[in-house]
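Colleague: Before I rely on this model, I should like a close look at one part of it. Please begin with a single charged residue in a loop and work outwards from there to its surroundings.

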Amino acid sequence: MTAAGARPLAIVLTGFALVCSPPVASRLIALEPFHPDDTLGGWCLTAALLATAWLVVARTRRAWVVRCALVATTLIATEVGARLLVRWFTDWPRQRLAALGRVAYPDLILFEAHPFLQFTGRPGTTLRGNRALASDTPFNDRGFFGPDFPKSKPNGTCRIVCLGASTTASGYPGVMQDWLNEHDATGTRFECVNLAHGFYNSNHSVVNFVLNALDLDPDYVVVHHGWNDARAAANAAEYRGDYVHVLKAFSPPMPADWLPIRASIVYRFARFRALGPASGDYLDAAVTRPFRPELGYDLE
């Protein structure tokens, strides 16, 4: 493109500047509610695009400046187009890409540290975009799946506490509660409390049983475990019964490329497609130590 195309290109950049302004972007191309930290960045981007369009591109007589501006415009158009497509014409990809972006926002991590259980859910947040454990309701006031429940057991209620990992967290306690209440002929009200999280192992459930389950005065406790305890077979040469050779204190990492993760869903998709999820939804980086192949496995 020659310098003759500078003014039309400046007009196009002006349009993109307006689209990137927080009032418009939050309603048009944002995948979820606009984060306060992005407001200042959005206004800075808008100002930078307007300044570039009318103080540089529109006034230039150099073809290479116009070519550089054309490349930048193409990249912006690709990002805006992808956001429009994902925002308005998809469901699961929008939720998934939004969830992947939360790794760059420490206050949006859906889990939080717990002094004895390593981690629980952050009360009031909803685990969307996770195909295995997706929920339409927020974590309750104790940081677990399901509605809030009173500590004291109501009269006439049979309370069943369910301990485990993702198999339990994914919802069978709710199914069990509905089935028992539908088929009971004694007038008993059944309440199934889900105290599970993905990544929990039997050590978590020992602590959970002592500190939470017993505190709720259950009539029955159901425990389901297996897969996650196999993680203890990793780094076998350093094996410890408390599993600290494979687990660590809850600490979600802040990626070095947090800025492009926030800014671009195209980059976000390519980055996580190539490197795998580093999202707090998966908890891998937040709760586990890296596997060291030289230390081997010990399945016995």
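**From one loop to its surroundings**

Modeller: D215 has a relative accessibility of 37%, and so it counts as partly exposed, a class that lies between buried (under 20% relative accessible area) and exposed (over 50%), with a 1.4 Å probe and protein chains only. The model is a predicted one, in which local features need pLDDT of at least 70 and side-chain atom pairs count only at pLDDT 80 or more, while totals for chains, interfaces and linings use all residues. Residues are numbered from 1 along each chain as its sequence is written, and side-chain values use heavy atoms, with hydrogens and water left out.

The partner of D215 is K151: the two form a salt bridge whose closest N and O atoms are 3.5 Å apart, the term requiring a side-chain nitrogen of Lys or Arg within 4 Å of a carboxyl oxygen of Asp or Glu. This pair joins distant parts of the chain, with K151 in the loop between strand 2 (118-121) and strand 3, and D215, 64 residues away, in the loop between helix 8 and strand 5. Helices (H or I, at least four residues) and strands (E, at least two) are DSSP runs numbered from the N terminus. K151 has 46% relative accessibility and is therefore partly exposed.

These loops are linked by another pair. K153 and D219 meet through their side chains in a salt bridge of 3.0 Å, N to O. K153 lies in the loop between strand 2 and strand 3, and D219 in the loop between helix 8 and strand 5, with the two positions 66 residues apart. K153 is partly exposed at 22% relative accessibility, and D219 is partly exposed as well, at 39%. A network of salt bridges links K153, D217 and D219. The whole structure holds 12 salt bridges.

D219 also leads to strand 3. C158 is found in that strand and has 9% relative accessibility, so it counts as buried. Apart from neighbours within four places in sequence, C158 is in contact with T188, R189, F190, E191, D219 and Y220, contact meaning heavy atoms within 4.5 Å. With the same kind of sequence neighbours (up to four places) left out, V161 touches V193, L195, A213, L216, P218, Y220, V221 and V222. Y220 thus appears in the contact list of C158 and in that of V161.

V161 belongs to the largest nonpolar core, which has 25 residues; F111, F119, V161, L195, F250, L283 and V287 are those with the most contacts inside it. Strand 3 (157-164) and helix 11 (284-287) each supply at least two residues of this core. Such a core is a set of buried Ala, Val, Leu, Ile, Met, Phe, Trp, Tyr and Cys residues joined through side-chain atoms within 4.5 Å.

Some of these core residues are aromatic: F111, F119 and F250 form one aromatic cluster together with F139, F145 and Y200. Seven aromatic pairs are found in the whole structure. F139 and F145 make an edge-to-face pair, because their ring centres are 5.0 Å apart and their planes stand at 70 degrees. Rings of Phe, Tyr and Trp (its six-membered ring) pair if their centres lie within 6.5 Å, and planes under 30 degrees apart count as stacked, over 60 as edge-to-face and the rest as tilted. Both F139 and F145 are buried.

On the surface, F116, V206, F209, V210, L211, L214, V221 and V223 form a nonpolar patch with about 720 Å² of accessible area together. Helix 8 (202-213) and strand 5 (220-224) are the elements that give two or more residues to this patch, and helix 8 gives the most, with four residues. Patches are made of residues with over 30% relative accessible area and no salt bridge, with like charges joined within 9 Å and nonpolar side chains (Val, Leu, Ile, Met, Phe, Trp, Tyr) within 5 Å. Accessible areas come from the Shrake-Rupley method with a 1.4 Å probe, and for residues only the protein chains shown count as cover. V221 is thus part of the surface patch and is also touched by V161.
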